[in-house]
Amino acid sequence: MAALSRRSFLRRSVTAGAVGAGLLYGLPARAGSAGAGTVPLGSVIDLTRCDGCRGEEVPRCVAACRARNVGRFPEPRQPIMDYWPQKKHEDWSRQRGVINRLTPYNWTYVETVTVEVDGETQEVSVPRRCMHCENPTCMNLCPFSAIEQHASGLVEIHQSSCMGGAKCRDVCPWGIPQRQAGVGPYLSIAPQYVGGGAMYKCDGCADLVEAGEPPACAAACPRGAITFGPREEMRALAHRRAEEIGGYIYGETENGGTSTYYVSKVPFELIDAAIRKRKAEENDTRPGRPGMPVGVGNMLDTPAGLALSMLIAPVAGVAAAVAGAARVMTKGGDA
């Protein structure tokens with residue numbers, strides 16, 4: 001492996017610092033870098049049609065997602081070190097078969113809950129994965145420029161740039177991205193002291209979409225519960241369907257607007273309460289089972305979000321420089 005020269009490292013540090021500052025103030029370097037000219041896309045998830053593939057061992061959307069992405073699942077280097085100075089790390093590599101939550105090895109899952117509406121008990125199955133927000137908080141607060149929003153609107157994490165700091169999960173209203181230690185560019189720098197692994201989530205099958213095909217989950221759904229197409233058409237479809245069933249829409253305004261529109265006859269406040277109740281009953285405090293908080297705002301539009309940006313800003317350039325150096329070292333030479 002060739003050494004990274006001091007001059008080159010300084011040059012990259014300055015560039016990375018500018019990129020990091022741009023990210024923090026809403027100028028994501030990767031935004032729209034792929035599929036130029038693509039119409040923004042979206043999806044409708046109709047909960048009146050999803051039954052969680054009742055009777056099947058694995059919901060078909062989950063099975064299709066896993067089959068599609070298994071080649072991209074992390075293969076951590078053993079032994080996995082703790083996050084210095086903490087005495088812990090996140091490792092799902094021995095739990096790859098888990099399908100009842102989001103993990104680095106399971107990018108979509110189906111949460112089934114029981115709710116009571118007007119005295120009647122109903123079972124609702126909710127497919128969960130990345131919402132692909134219109135203005136992704138995760139991307140705007142990533143100091144490593146590791147998250148890209150394609151021109152299609154799909155949001156993707158590039159593990160080759162990710163240091164696993166989990167800031168994307170912290171600022172996501174749903175805590176969607178999940179972390180695996182023992183992988184990523186931090187291993188090429190100082191794995192005992194720097195980095196935490198890499199983050200993983202649904203990328204909307206961006207490569208399939210660019211080729212004109214639907215995401216794997218939509219193609220696999222046997223009940224037509226997932227519809228994929230131009231975002232504005234999906235928004236209109238969601239409104240028509242909600243009007244037909246006298247129902248509700250989720251995802252149109254949450255986090256400032258997303259590309260995923262859920263439609264349900266059951267109010268989403270009740271679904272969210274049922275998810276939280278079930279997790280409490282199971283004493284489940286691990287990440288990866290998001291709720292559905294109605295009307296949740298975009299953190300960047302709040303004083304707390306602005307304060308967080310200002311706190312991150314002084315270290316963003318250094319963090320981005322480290323990530324840039326790791327990419328060069330991983331490739332085996334100076335560019």
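Colleague: Let us begin with a single side chain. Is R54 buried or exposed?

Modeller: The model is a predicted one, and the reading rests on relative accessible area, where a value over 50% counts as exposed. R54 has a relative accessible area of 56%, so R54 is exposed.

Colleague: With which residue does the side chain of R54 meet in a salt bridge?

Modeller: Side chains of opposite charge can pair when their charged atoms come close. Here the partner of R54 is E123, at 3.1 Å from N to O. R54 belongs to the loop between β1 (41-46) and α2 (60-69), whereas E123 belongs to strand β3 (residues 120-128), so this pair ties together parts that are 69 residues apart in sequence. E123 is partly exposed, its relative accessible area being 49%.

Colleague: How many salt bridges does the rule count in total?

Modeller: The count comes to 23. Another of these joins R60 and E56, whose closest N and O atoms are 3.1 Å apart. R60 is partly exposed at a relative accessible area of 38%, and E56 is likewise partly exposed, at 36%.

Colleague: How should one read a salt bridge within a helix, and where do E232 and R235 lie?

Modeller: One looks at the spacing along the helix and then at the accessibility of each partner. Both E232 and R235 are in helix α7 (residues 231-245), three residues apart, about one turn of the helix. They form a salt bridge, with 2.9 Å between the closest N and O atoms. E232 is exposed, with a relative accessible area of 52%, while R235 is buried, with a value of 17%. Elsewhere, salt bridges that share partners connect R101, E111, R278, E282, D284 and R289 in one network.

Colleague: What span does α7 reach from its first C-alpha to its last?

Modeller: One sets the span against the length expected at 1.5 Å a residue. With 15 residues, α7 reaches 21 Å, close to the 21 Å expected.

Colleague: Which residues of α7 are buried, and why may they be said to line one face of the helix?

Modeller: The buried residues are R231, M234, R235, A238, R241, A242 and I245. One then looks down the helix axis: the buried residues of α7 fall within an arc of 130°, so they line one face. The face turned away from that buried side carries the exposed residues E232, E233, E243 and E244.

Colleague: What covers the buried residues of α7?

Modeller: The cover includes the strands β1, β8 (226-230), β9 (248-250) and β10 (260-264). As for the end of the helix, G246 comes just after α7 and takes a positive phi of about 65°.

Colleague: In what order do the strands of the open sheet stand?

Modeller: For a sheet, one reads the order, then the edges, then the twist. The order of this open sheet of four strands is β8-β1-β10-β9, and its pairing is mixed. β8 and β9 are the edge strands, each pairing on one side only. From one strand to the next, the twist averages 25°. Within the sheet, β9 and β10 pair in the antiparallel sense over three bridges, and Y250 stands opposite Y262 in β10. Helix α8 packs on the sheet, touching β9 and β10, and the direction of α8 makes about 95° with that of β10.

Colleague: How many residues stand between β2 and β3 in their hairpin?

Modeller: A hairpin is read from its pairing and its turn. Strand β2 (residues 109-117) pairs with β3 in the antiparallel sense over nine bridges, and V110 stands opposite P127 in β3. The two strands are separated by two residues, and D118 in the turn has a positive phi of about 50°.

Colleague: To close, consider a glycine. Where is the place of G288, and is G288 buried or exposed?

Modeller: G288 is in the loop between α8 (268-281) and α9 (303-331). Its relative accessible area is 5%, so G288 is buried. One next asks what surrounds such a residue. Leaving aside residues up to four places away in sequence, G288 touches R101, L102, Y109 and Q178. The C-alpha atoms of G288 and G175 are separated by 6.8 Å, although the two residues are 113 residues apart along the chain.

Definitions and conventions
Residues are numbered from 1 along each chain as its sequence is written. This is a predicted model: local features need pLDDT of at least 70, side-chain atom pairs count only at pLDDT 80 or more; totals for chains, interfaces and linings use all residues. Side-chain values use heavy atoms; hydrogens and water are left out. Buried means under 20% relative accessible area, exposed over 50%, partly exposed in between (1.4 Å probe, protein chains only). Contact means heavy atoms within 4.5 Å. A salt bridge is a side-chain nitrogen of Lys or Arg within 4 Å of a carboxyl oxygen of Asp or Glu. The expected span of a helix is 1.5 Å times one less than its number of residues. The arc is that of the directions from the helix axis to the C-beta atoms. Two strands pair if DSSP finds at least two bridges between them. Axes are lines fitted to C-alpha atoms, for helices over the stretch in contact, and angles run from 0 to 180 degrees between N-to-C directions.
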